[in-house]
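Here are some short exercises to work through with the model open beside you. Try each task on your own before reading its solution.

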Amino acid sequence: MTCTDVRKLLPDRAMGDLDAEPAAEVAAHLKECDACRSEDGAFGRTVGLLRAAPAVVPSTERRAAAVAAMARAHADQSEKLLTRRPRLPWLAVATAAAFLLAVLGALNLRGSSSTAFTVAGVTGRAELRDLETGLWRPVAVGQQVAVGDRLVTQRDCKIRLVGGATELLLDQDSSVEIGAVRRVAFDRGRMMAVSPESGAESLEITDHENNIVRVRGRVELTLREVPYKVAGSKEQKGAPAVLPEPKVEIRRSLVARVQSGEAALGGAREQRLYAGPGEEGKFHPGGKPETAALQDPKVGTWVEDR
Amino acid sequence: MAGDEDKPMNLEDDLLRKCARGDSAAYRELVERLEKPLVNFILRFVGERHVAEDLFQETFVRVVKTLGTFRPEASLSTWIFTIARNLSLDWLKAKRRHREMALDAATSEEKGRVIYFKDVMRSSSASPDDRAESTEEERRVTAALAQLSPIKREALVLRVYAGLQYSEIARVQGAPVGTVKFRIHEAVRDLTKVMGVEDDRNSTALGG
């Protein structure tokens, strides 16, 4: 090893991050080279000084303050969840219930789960994982689906969920998690969201890359699996100029096809686009949304063919 | 049978579910588990004790508020470190903005009254309690760390003070492991340069 080689490795050596073999070679070089040894000493002193600086010690007050702040935040959250759609005659009731819930939360009692949907129809076999118990159980008509629950449909199975004026039809081989009363995390498959075309009751659908689609009216949502070719590394100096085989990665792309109403697409990087009736919106990897006219004007025909 | 499957993953899952329900015993366990590495990371990253204490608390508040967005593919602790680093970065950005504004005296009157204004005012010279608690060595380390770019400082501090593995730092920073290694390497080099200047002043120059 030359001095240049050794000096490149000295900061890593000071951090104790060198593998055994290069570490031994560097050590051998340092025995003989004063200049490198002195540089090594400087790095060593730096890291030593960093490690010697006194650490902040645990404190019961800090912990207690954090836990109290968390309890307050939880109470606030529960309150928001319940007051989100205040229909006037129920406003007082909802506020009272939210207050009661906040108090219960603060007292650390159970009962903070909130119903988002009710199962209105099932064909075939679907399962629901309860957030409270973590257990899977078959889905039945009339069952309540709470915030935090996850729903999975098997082959030849469809479910219809109703929550307020919003309806959600889940196709076979699909999976969703209820994030909040009007928010659904979409993991797999296809679904149809139906809600009033005007008014505040829009439904928010997120995918695993945190892209968001807010929908009103009749909108079909699909997680399409798209193979993306990822370029290989650059060619190296001296090596023959052969282009490496591109790697193929399967990425899931969230697609919203609008029959009526609209879909607002908020990309993971904050761009926003709207798709109207007869249009579809989708996301590129990295979160950039794009809208285009529907190639196949039939939307959600699978909903009817049962 | 079922007991054999009690891996850390399942423990985290369980803790998470209890947190989602608002169980304060679960909150306490989570805070206790992460207190030391997290508060030390934030302190060395932002460089001010009272700010670090605030951000520490805010991190856990944010955890409660965003539990619904947590994906089980990530580890719970890296997720929480990511929240803490984002809050810290926001604070550092606000601090820089305010410093620029303070220089521009005409505008500072109107726009200056935002959340972190008093912190920024305090930070222009370390607050009395900050000064009382710190030793000469600690001040020197804090001053030297402040010279690093945030991204390098973050990587180094996650390694040295939070004790995270390279792969975990990579997840927090959203960068490949190789990049993280390079950042830490560069951070040690830069720090040595910064501290070396002081060495020259205090003692004799390094050999070679």
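## Exercise 1: Two chains at a glance

In chain A, 32% of the 306 residues are buried, where buried means that 20 or more other C-beta atoms, placed from the backbone, lie within 10 Å of the residue's own, exposed means 12 or fewer, and partly exposed lies in between. This is a predicted model, in which local features need pLDDT of at least 70 and side-chain atom pairs count only at pLDDT 80 or more, while totals for chains, interfaces and linings use all residues. Residues are numbered from 1 along each chain as its sequence is written, and chains are lettered from A and ligands numbered from 1 in the order in which they are written.

**Task.** Describe the make-up of chain A and of chain B.

**Solution.**
- Step 1: Count the elements, which are DSSP runs numbered from the N terminus (helices are H or I with at least four residues, strands are E with at least two). Chain A has 6 helices and 16 strands, whereas chain B has 11 helices and 0 strands.
- Step 2: Look at burial in chain B, where 33% of the 208 residues are buried.
- Step 3: Turn to contacts, meaning residue pairs whose C-beta atoms, placed from the backbone, lie within 7 Å. In chain A, 48% of the contacts between residues at least 6 apart in sequence join residues at least 24 apart. In chain B, 62% of the contacts with a separation of 6 or more are between residues 24 or more positions apart.

## Exercise 2: How far to trust chain A

**Task.** Find where confidence is highest and lowest in chain A, using pLDDT, the predictor's confidence in each residue from 0 to 100.

**Solution.**
- Step 1: Start with the average: chain A has a mean pLDDT of 81, and 81% of its residues score at least 70.
- Step 2: Compare helices. Helix 2 (residues 20-32) of chain A has the highest confidence, at 93, and helix 5 (residues 88-106) of chain A the lowest, at a mean of 61.
- Step 3: Mark the weak stretches. Over residues 83-88 of chain A pLDDT stays under 50, and the model has 7 contacts beyond four places in sequence for them. Residues 108-113 of chain A also stay under 50, with 16 such contacts.

## Exercise 3: Strand 6 and its partners

**Task.** Which strands pair with strand 6 of chain A, and in which sense?

**Solution.**
- Step 1: Locate strand 6 (residues 158-163) of chain A, where 5 of 6 residues are buried.
- Step 2: Apply the pairing rule, that DSSP finds at least two bridges between two strands. Strand 1 (residues 115-123) of chain A pairs antiparallel with strand 6 of chain A over 5 bridges; A:Thr123 has A:Lys158 as its bridge partner.
- Step 3: Add strand 7 (residues 166-170) of chain A, joined to strand 6 of chain A by 5 bridges and running antiparallel. Here A:Leu161 is partnered by A:Leu168.
- Step 4: Inspect the turn. Strands 6 and 7 of chain A form a hairpin with 2 residues between them, and A:Gly164 in the turn has a positive phi of about 65 degrees.

## Exercise 4: Strand 5 and its partners

**Task.** Trace the pairings of strand 5 of chain A.

**Solution.**
- Step 1: Strand 5 (residues 150-153) of chain A pairs antiparallel with strand 2 (residues 126-129) of chain A over 4 bridges, and A:Glu127 stands opposite A:Val152.
- Step 2: Strand 8 (residues 175-180) of chain A runs antiparallel to strand 5 of chain A, with 3 bridges. A:Leu151 has A:Val176 as its bridge partner.

## Exercise 5: Where the chains touch

**Task.** Describe the side of chain B that touches chain A.

**Solution.**
- Step 1: Count residues: 41 from chain B and 43 from chain A take part in the contact.
- Step 2: Find the main contributor. Helix 2 of chain B gives the most to this side, with 10 residues.
- Step 3: Sort by class. The side of chain B has 17 nonpolar, 11 polar and 13 charged residues; Ala, Val, Leu, Ile, Met, Phe, Trp, Tyr, Cys and Pro count as nonpolar, Asp, Glu, Lys and Arg as charged, and the others, Gly among them, as polar.

## Exercise 6: One residue in chain B

**Task.** Why does B:Ile80 count as buried?

**Solution.**
- Step 1: Place B:Ile80 in helix 4 (residues 76-103) of chain B.
- Step 2: B:Ile80 is buried because 21 other C-beta atoms lie within 10 Å.
- Step 3: Beyond four places in sequence, B:Ile80 is in contact with B:Leu34, B:Thr59 and B:Val63.

Conventions:
Two residues are in contact if their C-beta atoms, placed from the backbone, lie within 7 Å.
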